[in-house]
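Colleague: I have just opened this model and would like a close look at one part of it. Please pick a place to start, stay with it for a while, and then show me how the rest is arranged around it.

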Amino acid sequence: MYTTSDAYKIAISSTSVIISWKGTVTDVNGNKYTVDPTNIADGGLTITHDICSNSNIEIGTAYIGQMDLSVYLNVDRYQLFAGTVDMSFGVQIDSSGTMEWLPCGTFDIQSAEVTEGKVKLTCYDFMQRLNVAITQNPVGKTPYEVISEYCEKRGVTMGTTEAELNAMP
């Protein structure tokens with residue numbers, strides 16, 4: 001959950017909402033490419049979060065976000081494999097055009113295809129990085145220590161503080 005302003009809450013509940021997207025594609029060499037409405041292809045951005053891989057409820061699963069992004073970029077697609085995409089969603093909150101931005105996440109690029117002059121990226125959020133068995137010995141460690149070490153090894157920022165974790169039943 002992200003904290004939003006009262007102006008955001010009013011704007012998002014309006015019958016007429018002005019929204020936008022912005023982001024950054026980072027290739028394996030650290031080169032950054034801007035993503036905004038001027039280079040996103042029509043219908044070229046979808047983000048989905050599925051908890052189950054089929055129609056059954058599966059115990060112990062987590063949401064893994066998938067983003068499909070078609071964007072006009074002048075880039076070697078092979079440099080995008082193992083790169084990342086950071087995306088944010090914005091809502092205009094006043095008549096002067098001020099936007100309030102919310103992060104949609106950081107996604108690992110899994111595939112990059114070039115068709116009709118645009119790059120089509122298929123990406124998964126960092127939850128995918130956690131889809132690996134914990135091999136460390138948890139003996140003598142608190143749950144927070146085990147989880148935070150695991151996240152650190154997988155390159156994922158933990159979104160829960162030690163106090164929040166300890167307050168859970």
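Modeller: Happy to. Let's start at G155, which comes just after helix α2 and takes a positive phi of about 75°. Please keep in mind throughout that this is a predicted model.

The helix that ends just before this glycine is a good part to examine closely. Helix α2 covers residues 143-154, and its length can be checked with simple arithmetic: at 1.5 Å a residue, twelve residues should span 16 Å, and the end C-alpha atoms are 17 Å apart, which agrees. Which residues of α2 are buried? They are V146, S148, Y150 and C151. E149 belongs to a separate group, because its relative accessible area of 27% makes it partly exposed.

E149 also has a charged partner. It forms a salt bridge with K141, and the closest N and O atoms of the two are 2.9 Å apart. K141 is partly exposed as well, because its relative accessible area is 32%.

How many salt bridges does the count give? It comes to two. The other pair joins D108 and R129, with the closest N and O atoms at 2.7 Å. D108 sits in strand β6 and R129 in the loop between β7 and α2, so this pair ties together parts that are 21 residues apart in sequence. Since its relative accessible area is 9%, D108 is buried. R129, at 21%, is partly exposed; this value is a borderline one, because buried means under 20%.

D108 takes us into the strands. Strand β6 spans residues 99-115 and runs antiparallel to β5, to which nine bridges join it. One place to look is V91, whose bridge partner in β6 is E100. The two strands form a hairpin with six residues between them, and in that turn G97 has a positive phi of about 95°. If you are going through backbone torsions, G97 and G155 can be looked at together, since both have a positive phi.

Strand β5 has a second partner. It pairs with strand β1, residues 19-26, in the antiparallel sense over eight bridges. Here T24 stands opposite D86 of β5. So is β5 mostly covered or mostly open? Strand β5, residues 84-92, is mostly covered, with seven of its nine residues buried.

E100 leads on to the start of the chain. T4 lies in the segment before α1. Leaving aside neighbours within four places in sequence, T4 is in contact with E100, and also with L102 and K9. T4 counts as buried because its relative accessible area is 15%.

Further along, I12 has its place in helix α1, residues 6-12. I12 is partly exposed, because its relative accessibility is 37%. Together with V17 and I19, I12 makes a nonpolar surface patch of about 220 Å².

Strand β7 is worth a stop too, by way of K120. K120 is partly exposed, because its relative accessible area is 33%. Not counting residues up to four places away in sequence, K120 touches D68, L69 and S70, as well as S111, A112 and E113. R77 is 43 residues from K120 along the chain, yet their C-alpha atoms are separated by 9.3 Å.

Now let's step back to the whole chain. It has three helices and seven strands, and along the sequence they follow the pattern α-β-β-β-β-β-β-β-α-α. Of the contacts with a separation of 6 or more, 56% are between residues 24 or more positions apart. Among the 169 residues, 30% count as buried. The accessible surface comes to about 10800 Å², and 53% of this belongs to carbon and sulfur atoms. As for dimensions, the C-alpha atoms fill a box of roughly 55 × 45 × 35 Å, taken along the principal axes.

Methods:
Residues numbered from 1 in each chain as written. Predicted model: local features only at pLDDT ≥ 70, side-chain atom pairs only at ≥ 80, totals over all residues. Heavy atoms only, no water. Helix = DSSP H or I, 4+ residues; strand = E, 2+ residues; numbered from the N terminus. Expected span 1.5 Å × (residues − 1). Buried < 20%, exposed > 50% of the residue type's maximum accessible area, 1.4 Å probe, protein only. Patch = residues over 30% accessible without salt bridge, like charges linked within 9 Å, V, L, I, M, F, W, Y side chains within 5 Å. Areas by Shrake-Rupley, 256 points an atom, 1.4 Å probe, with all protein chains shown as cover. Salt bridge = Lys/Arg side-chain N within 4 Å of Asp/Glu carboxyl O. Pairing = 2+ DSSP bridges. Contact = heavy atoms within 4.5 Å.
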